[in-house]
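Subject: Structure handover

Hello,

Here is the structure I promised to pass on. My notes follow below it.

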Amino acid sequence: MRMFKDTENRTWQVAVNVGSIKRVRDVLGINLLEMIESKEMQALITDPMQVVDILYVMCGEQIESRSLSAEQFYAGLVGDVLGDAADALLEDLVDFFPRGRRELLRKAAGKCRTLVDRVLAAATARLDSGQIETELESLLRQEYGPTSGTTPASSESIPAP
């Protein structure tokens with residue numbers, strides 16, 4: 001069982017077991033056992049809406065015992081907290097499996113995280129390099145002709161027809 005804290009500093013327990021896996025399948029139509037062993041594993045790392053839906057089902061009894069609405073639960077999952085919650089879910093899901101498969105899935109999850117980190121690093125480098133601005137300027141020149149690098153004239157300076 002893993003735990004995470006939301007933005008309101010409430011502690012939540014994520015317990016992946018046969019019962020919680022079945023509840024997620026029955027309520028959301030998501031088979032976590034198939035998901036973790038397919039290309040969809042990346043969604044557990046990169047799709048915050050799916051993670052939040054799964055956590056809502058898994059934490060249902062805790063939400064109810066605290067008399068929280070779905071909106072109150074969702075509001076507490078943002079930013080780094082959401083990443084921590086996704087990690088808790090993924091790690092507990094991996095630990096659900098027996099030793100041999102668990103080690104294989106742990107490696108696969110690590111590879112997914114590494115790939116996501118590499119994509120983010122590449123995107124950051126591209127944004128920092130000025131390459132995107134150059135590409136956009138090229139597209140603008142192709143579409144509208146040469147630009148002087150200044151902003152378009154205001155509507156006041158354009159003569160009326």
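Gln62 sits in helix 5, residues 60–65. The model is predicted, so please read everything here in that light. Gln62 has a relative accessible area of 18%. The cut-off for buried is under 20%, so Gln62 counts as buried. Its side chain reaches the backbone oxygen of Gln13 at 2.8 Å. Leaving out residues up to four places away in sequence, Gln62 touches Thr11, Trp12 and Gln13.

Those three partners lead to strand 2, residues 11–14. Its side chains alternate. Trp12 and Val14 point to one face and are buried. Thr11 and Gln13 point to the other face and are not buried.

Strand 2 pairs with strand 1, residues 2–5, in the antiparallel sense. The pairing runs over 4 bridges. Lys5 has Thr11 in strand 2 as its bridge partner. The hairpin of strand 1 and strand 2 has 5 residues between the strands. Within that hairpin, Asn9 takes a positive phi near 65°.

Next, the aromatics. Trp12 turns up again here: with Tyr56, Phe73 and Tyr74 it forms one aromatic cluster. The count of aromatic pairs comes to 5. One of them is Tyr56 with Tyr74, whose ring centres are 5.4 Å apart. Their planes stand at 45°, so the pair is tilted. This pair links distant parts of the chain. Tyr56 belongs to helix 4 (residues 48–58) and Tyr74 to helix 6 (residues 70–75), 18 residues apart. Are these two tyrosines, Tyr56 and Tyr74, buried or partly exposed? Tyr56 has 29% relative accessibility, so it counts as partly exposed. Tyr74 has 27%, so it counts as partly exposed too.

Last, a helix pair. Two packed helices are described by the angle between their axes and the distance between the axes. For helix 8 (residues 99–129) and helix 9 (residues 131–144), the axes come within 4 Å. They cross at roughly 65°. On the helix 8 side, the contact involves Arg126, Leu127 and Ser129. On the helix 9 side, it involves Gln131, Ile132, Glu133 and Glu135. The residues of this contact divide into 2 nonpolar, 2 polar and 3 charged.

If you open one spot in the viewer, try Gln62 and the backbone oxygen of Gln13. Then follow Trp12 into its aromatic cluster.

Best wishes

Terms used: Residues are numbered from 1 along each chain as its sequence is written. This is a predicted model: local features need pLDDT of at least 70, side-chain atom pairs count only at pLDDT 80 or more; totals for chains, interfaces and linings use all residues. Side-chain values use heavy atoms; hydrogens and water are left out. Buried means under 20% relative accessible area, exposed over 50%, partly exposed in between (1.4 Å probe, protein chains only). Helices (H or I, at least four residues) and strands (E, at least two) are DSSP runs, numbered from the N terminus. Two strands pair if DSSP finds at least two bridges between them. A polar contact is a pair of N or O atoms within 3.5 Å; within protein, one must be able to donate a hydrogen and the other to accept it, and residues adjacent in sequence count only if both atoms are side-chain atoms. Contact means heavy atoms within 4.5 Å. Axes are lines fitted to C-alpha atoms, for helices over the stretch in contact, and angles run from 0 to 180 degrees between N-to-C directions. Ala, Val, Leu, Ile, Met, Phe, Trp, Tyr, Cys and Pro count as nonpolar, Asp, Glu, Lys and Arg as charged, and the others, Gly among them, as polar. Rings of Phe, Tyr and Trp (its six-membered ring) pair if their centres lie within 6.5 Å; planes under 30 degrees apart count as stacked, over 60 as edge-to-face and the rest as tilted.
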